[in-house]
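Visitor: I would like a short tour of this protein model. Please explain each term as we go.

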Amino acid sequence: MPVIRFSPDGLQPHTPYDHVAVSTGSRHIHVSGQIARRGDGTPVAPGDLSGQVAQVLRNTALALAGADASFDDVVRLTFYVTGWKPERIEPFMAGIESVAEELGLPRPLPPASLIGVEHLFEPDVLVELEATAITG
């Protein structure tokens, strides 16, 4: 397997993601920021953080599949969320949980960052997700 993920002793425990990913592959896959839009550009889940998180993960899965990869190959996820406050973690995580089995998300998730931003490029976009993957 080209990606091994783990959390060394001494780092914060009980996170929904691993702290470290080590890859040995030679193909680097960089997925641009995915938003909650269908293939025709129709917005998905306006005003619903959980629904938008689910859709960006679905779109990221499609992008990865297009490069013959999956979430098993992901070494880094970066989420950008508008108007972030700690109390928004519940709907954020609910969005992940709602598609975890459907998409075969690894548990824990690959190393991830959640970055709060004032706004994204369109007013209805609540979350954007970038991914980096490595394959053989």
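**A walk through the model**

Guide: Gln 34 is found in strand β3. Strands (E, at least two residues) and helices (H or I, at least four) are DSSP runs, numbered from the N terminus. This is a predicted model: local features need pLDDT of at least 70, side-chain atom pairs count only at pLDDT 80 or more, and totals for chains, interfaces and linings use all residues. Residues are numbered from 1 along each chain as its sequence is written, and side-chain values use heavy atoms, with hydrogens and water left out.

Visitor: Is Gln 34 buried or exposed?

Guide: Buried means under 20% relative accessible area, exposed over 50%, and partly exposed in between, using a 1.4 Å probe and protein chains only. Gln 34 has a relative accessible area of 17%. That value is under 20%, so Gln 34 is buried.

Visitor: Which residues is Gln 34 in contact with, leaving aside its neighbours within four places in sequence?

Guide: Contact means heavy atoms within 4.5 Å. Neighbours within four places in sequence are left aside for Gln 34. The contacts of Gln 34 are then Val 56, Asn 59, Thr 60, Val 127, Glu 128 and Leu 129.

Visitor: In what order do the 4 strands of the open sheet stand?

Guide: Two strands pair if DSSP finds at least two bridges between them. The pairing in this open sheet is mixed. β3 and β5 (112-117) stand at the edges, each with a single partner strand, so each has one side without a neighbour in the sheet. Neighbouring strands are turned by 10° against each other on average, direction ignored, and the order is β3-β6-β4-β5.

Visitor: Which residue of β6 stands opposite Ile 29?

Guide: β3 and β6 run antiparallel, joined by 6 bridges. β6 is mostly covered, with 8 of its 9 residues buried. Val 74 stands opposite Ala 133 in β6. Ile 29 also faces a residue of β6, and that residue is Ala 133.

Visitor: What is the bridge partner of Val 81 in β6?

Guide: Strand β4 covers residues 74-82, and strand β6 covers residues 127-135. The two pair in the antiparallel sense over 7 bridges. In β6, the partner of Val 81 is Val 127.

Visitor: What angle does helix α1 make with β6?

Guide: Helix α1 (residues 49-66) packs on the sheet and touches β3, β4 and β6. Axes are lines fitted to C-alpha atoms, for helices over the stretch in contact, and angles run from 0 to 180 degrees between N-to-C directions. Between α1 and β6 the angle is about 30°.

Visitor: How far does helix α2 reach from its first C-alpha to its last?

Guide: Helix α2 (residues 89-103) has 15 residues. The expected span of a helix is 1.5 Å times one less than its number of residues. For α2 that gives 21 Å, and the computed reach is close to it, at 20 Å.

Visitor: What covers the buried residues of α2?

Guide: In α2, Phe 92, Gly 95, Ile 96, Val 99, Ala 100 and Leu 103 are buried. Just after the helix, Gly 104 takes a positive phi of about 65°. The cover over the buried residues of α2 includes α1, β4 and β5.

Visitor: Which residue in β5 stands opposite Leu 77?

Guide: β4 and β5 pair in the parallel sense over 6 bridges. Opposite Leu 77, in β5, stands Ala 112.

Visitor: How many aromatic pairs does a search of the whole structure find?

Guide: Rings of Phe, Tyr and Trp (its six-membered ring) pair if their centres lie within 6.5 Å; planes under 30 degrees apart count as stacked, over 60 as edge-to-face and the rest as tilted. Phe 79 and Phe 92 are edge-to-face, 5.0 Å centre to centre with 80° between the planes. Trp 84 and Phe 92 have ring centres 6.1 Å apart and planes at 80°, so this pair is edge-to-face. The number of aromatic pairs found is 2.

Visitor: Is Trp 84 buried or partly exposed?

Guide: Ring pairs link Phe 79, Trp 84 and Phe 92 into a cluster. Phe 92 is buried, with a relative accessible area of 4%. Trp 84 has a relative accessible area of 27%, so Trp 84 is partly exposed.
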